[in-house]
Amino acid sequence: MKKKSKSYNLCVSVALRFNFMHIVLVEPEIPPNTGNVARLCAATKTTLHLIEPFGFKLDDTQLKRAGMDYWRHVKWHRWPNWKAFEQKLPAHARLWFVESKGPKLYTQAKFSPDDYLVFGRETAGLPKQLLEHNRERWLRIPMFNEKSRSLNLSNCAALVLFEALRQQGFPSEIH
Ligand SMILES: C[S@@+](CC[C@H](N)C(=O)[O-])C[C@H]1O[C@@H](n2cnc3c(N)ncnc32)[C@H](O)[C@@H]1O
């Protein structure tokens, strides 16, 4: 068999290695947030997992407007509940739970290319029990005003995803 060149092998390993991050939105309620995250996923080739129940219909015009025509470029999955999602996770899957008051800053995590970044509901956040069971994977984004309870969900998704991609050296960036 003909030997492949070094650059061919490099391209293949880059393609295999990168662009496999996952974002998980647990019971999202506000269409523009999900739309923004879909647009973020399209731009970064991140897989989006949406866990039901949703606070909107998937054909919501606000949802489409926020994600504009990016939806068709997003690889996304819809799950009826957390259990169904969890059962189908690959054995090696590593989940990070992004929620305020976490013991670790999101910048302290060492992200890998196929990690799952999990975000909670706009009104209630992630279930306390889930966070307590996964304390070592519970990440917070720092806040500096005691009057602020939380940050916007889609801002959080962008911050943490880009930190993960930064740690990987922004692989296969198009510019
Ligand atoms: C609007 S917040 C949830 C509501 C919030 N738990 C509360 O106290 O009302 C929606 C989601 O954004 C993310 N989030 C918001 N602020 C965060 C922070 N400071 N650190 C980490 N995640 C945050 C979490 O995933 C959260 O579940």
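Trainee: What makes the pair formed by L151 and a nitrogen atom of the ligand a polar contact?

Mentor: A polar contact is a pair of N or O atoms within 3.5 Å. In this predicted model, a backbone N or O atom of L151 lies 2.9 Å from that ligand nitrogen, so the pair meets the definition.

Trainee: Which other residues pair with an oxygen atom of the ligand?

Mentor: A side-chain N or O atom of E99 is 2.6 Å from a ligand oxygen, and for G120 a backbone N or O atom lies 3.0 Å from one. The protein covers 91% of the 570 Å² of accessible area (Shrake-Rupley method, 1.4 Å probe) that the ligand has on its own.

Trainee: Why is D115 with R94 called a salt bridge?

Mentor: The term asks for a side-chain nitrogen of Lys or Arg within 4 Å of a carboxyl oxygen of Asp or Glu. The side chains of D115 and R94 meet at 2.9 Å, N to O, so the name applies. It is one of six salt bridges in the structure.

Trainee: What does the pair tie together?

Mentor: D115 is in the loop between strand 5 (104-105) and strand 6 (116-119), and R94 in the loop between helix 4 (82-87) and strand 4 (95-98), so parts 21 residues apart in sequence are tied together. Helices (H or I, at least four residues) and strands (E, at least two) are DSSP runs, numbered from the N terminus.

Trainee: How should I read numbering and confidence here?

Mentor: Residues are numbered from 1 along each chain as its sequence is written, and side-chain values use heavy atoms, without hydrogens and water. Local features need pLDDT of at least 70, side-chain atom pairs count only at pLDDT 80 or more, and totals for chains, interfaces and linings use all residues.

Note on methods:
A polar contact is a pair of N or O atoms within 3.5 Å; within protein, one must be able to donate a hydrogen and the other to accept it, and residues adjacent in sequence count only if both atoms are side-chain atoms.
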